Amino acid sequence: MSDSLYKIAVDYASRAHAPYSKYLVGAALVTNDGKVFGGCNVENSSYGGTVCAERVAILKAVSEGYKNFSEILVYTNSDSPWPPCSICQQTMAEFFSESSKVHLANNKGIQKTMTYKELNPYPFKL
Ligand code: THU
């Protein structure tokens, strides 16, 4: 499964709109019933308008009626793979389980796998 997620995330990264940072990020998100949604980062010349690849994938899935996720793979074209930023982690807090898997990858493949709880042990929740 994670091999196919890697390919999907790399493919989505190629669709990134990243003229400012030049970092191409792709995410492949899996619902609890096995459907996969991809996302890429979409930057904006008003920088705060930028949306990360993870949130694009999550918002796409939620808007299609899926709210429970078992796994996400994040690919970045940088030497060290990136964890989801804190805003993305907070979005994940809404929809991920403690045991959901998070894979971090770069162009050498998957570099790290952890649970959502390991990534974000103290999520903010109302
Ligand atoms: N970015 C992501 O897509 N995901 C993250 O979790 C961290 C940052 C994007 C946003 C921006 O387009 C570029 O990477 C540099 O911050």
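A residue is called buried when its relative accessible area is under 20%, exposed when that area is over 50%, and partly exposed in between (1.4 Å probe, protein chains only). By this rule Asn106, at 2% relative accessibility, counts as buried. The structure is a predicted model, in which local features need pLDDT of at least 70, side-chain atom pairs count only at pLDDT 80 or more, and totals for chains, interfaces and linings use all residues. Residues are numbered from 1 along each chain as its sequence is written, and side-chain values use heavy atoms, with hydrogens and water left out. The points below treat the ligand, the salt bridges and several individual residues.

**The ligand and its surroundings**

- The ligand is surrounded by Ser21, Val25, Asn41, Glu43, Thr50, Cys52, Ala53, Glu54, Trp82, Pro83, Pro84 and Cys85; a residue is counted here if one of its heavy atoms lies within 4 Å of the molecule.
- The side chain of Asn41 places an N or O atom 2.9 Å from an oxygen atom of the ligand. Such a pair is a polar contact, defined as N or O atoms within 3.5 Å; within protein, one atom must be able to donate a hydrogen and the other to accept it, and residues adjacent in sequence count only if both atoms are side-chain atoms.
- Ala53 contributes a backbone N or O atom that lies 2.9 Å from an oxygen atom of the ligand.
- Cys85 likewise has a backbone N or O atom at 2.9 Å from an oxygen atom of the ligand.
- On its own the ligand has 380 Å² of accessible area, and the protein covers 82% of it. Accessible areas come from the Shrake-Rupley method with a 1.4 Å probe; for residues, only the protein chains shown count as cover.
- The ligand occupies the space of the largest pocket. On a 1 Å grid over the protein atoms alone, a pocket is an open set of points with protein on both sides within 12 Å along at least five of seven lines. A molecule sits in a pocket if more than half of its atoms lie within 2 Å of the pocket's grid points.

**Salt bridges**

- Side chains of opposite charge can pair when their charged atoms come close.
- The count comes to two salt bridges, a salt bridge being a side-chain nitrogen of Lys or Arg within 4 Å of a carboxyl oxygen of Asp or Glu.
- One of them joins Arg15 to Asp11, with the closest N and O atoms 3.3 Å apart. Arg15 is partly exposed at 49% relative accessibility, and Asp11 is partly exposed at 39%.
- Glu98 and Lys117 form a salt bridge in which the closest N and O atoms are 3.7 Å apart. Because Glu98 lies in strand β4 (residues 96–106) and Lys117 in helix α4 (residues 116–119), this pair ties together parts that are 19 residues apart in sequence. Helices (H or I, at least four residues) and strands (E, at least two) are DSSP runs, numbered from the N terminus.
- Glu98 counts as exposed at 53% relative accessibility, whereas Lys117 counts as partly exposed at 39%.

**Residues in helices and strands**

- Ala9 belongs to helix α1 and is buried, with a relative accessible area of 0%. The C-alpha atoms of Ala9 and Tyr75 are separated by 5.9 Å, although these residues are 66 residues apart along the chain.
- Asp11 also has its place in helix α1. Its C-alpha atom is 7.3 Å from that of Gly26, and the two residues are 15 residues apart in sequence.
- Thr91 is part of helix α3 (residues 86–95) and is buried, with a relative accessible area of 18%. Thr91 and Leu59 are 32 residues apart in sequence and 9.2 Å apart in space, C-alpha to C-alpha.
- Asn106 is located in strand β4. A polar atom of the Asn106 side chain lies 2.7 Å from the backbone oxygen of Asp79.

**Residues in loops**

- Most residues other than glycine have a negative phi.
- Lys22 has a positive phi of about 70°, although it is not a glycine. Lys22 sits in the loop between α1 (2–13) and β1 (25–31) and is exposed, with a relative accessible area of 59%.
- Asn44 is in the loop between β2 (36–40) and α2 (53–63) and is partly exposed, with a relative accessible area of 34%. Asn44 and Ala18 are 26 residues apart along the chain, and their C-alpha atoms are separated by 8.2 Å.

Key. On a 1 Å grid over the protein atoms alone, a cavity is a set of points where a 1.4 Å probe fits but cannot get out, and a pocket is an open set with protein on both sides within 12 Å along at least five of seven lines; lining residues have an atom within 4 Å of a point.
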